[in-house]
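Q: Please take a close look at a single strand of this model. I should like a connected account of its pairing, its side chains and its surroundings.

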Amino acid sequence: TMTKNIPGEPYTRISSMEAHNKTNSEGATIIDVRREDEYISGHVTDSLWIPVDEIIARYSEIPEEGDLLFICEVGARSGLAAEYAAAMGADTSRLFNIEDGTGTWASNGYPISKGNVA
């Protein structure tokens with residue numbers, strides 16, 4: 001398992017494999033925080049798309065129940081998004097950063113959608 005907590009980070013780092021397992025079994029929500037062009041080119045199927053710089057303004061759109069799994073390309077913007085969610089009052093035990101990103105999710109053969117559909 002790759003799950004790890006690093007002091008000072010209000011979230012848990014997980015791999016795309018662990019995230020995929022969570023979405024299958026636990027009603028977790030994956031939130032893609034990349035730019036529109038990146039999202040359109042390929043994103044986790046059924047993910048919620050909220051660019052990192054809109055997380056605070058659109059916080060009300062984020063589910064109040066279940067784990068929140070933030071994803072970007074390489075884990076930097078998703079970590080920042082998780083920090084924003086924590087700052088908005090999200091329970092930090094719900095916050096996860098998929099640190100290996102969308103490319104790894106796709107290369108693992110997990111569901112990817114293209115275009116403006118979830």
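A: The account below follows strand β5 from its pairing partners to the cores around it.

The model is a predicted one. Strand β5 covers residues 68-71. Strand β2, residues 29-32, is joined to β5 by four bridges, and the two strands run parallel. Within this pairing, Ile 30 has Leu 69 as its bridge partner. Strand β6, residues 95-98, also pairs with β5 in the parallel sense, here over three bridges. Leu 69 takes part again, with Phe 96 as its bridge partner in β6. From β5 the chain passes through helix α3, residues 76-87, to reach β6, and this β-α-β crossover is right-handed.

The side chains of β5 point in two directions: Leu 68 and Phe 70 one way, Leu 69 and Ile 71 the other, and all four residues are buried. In soluble globular proteins, nonpolar side chains tend to be buried together.

Phe 70 belongs to the largest nonpolar core, which has 16 residues, and is among those with the most contacts inside it, together with Ile 31, Val 33, Ile 55, Ile 62 and Leu 95. Both β5 and α3 supply at least two residues of this core, and α3 provides its largest share, three residues. Beyond its neighbours within four places in sequence, Phe 70 is in contact with residues including Ile 31, Val 33, Ile 55, Ser 78, Ala 81, Ala 82, Ala 85 and Leu 95. Apart from this core lies another, of eleven residues, and among them are Leu 69 and Ile 71, as well as Ile 14 and Tyr 110.

How values were computed:
Residues are numbered from 1 along each chain as its sequence is written. This is a predicted model: local features need pLDDT of at least 70, side-chain atom pairs count only at pLDDT 80 or more; totals for chains, interfaces and linings use all residues. Side-chain values use heavy atoms; hydrogens and water are left out. Buried means under 20% relative accessible area, exposed over 50%, partly exposed in between (1.4 Å probe, protein chains only). Two strands pair if DSSP finds at least two bridges between them. A crossover is right-handed if, with the strands pointing away from the viewer, the path from the first strand over the helix to the second runs clockwise. A nonpolar core is a set of buried Ala, Val, Leu, Ile, Met, Phe, Trp, Tyr and Cys residues joined through side-chain atoms within 4.5 Å. Contact means heavy atoms within 4.5 Å.
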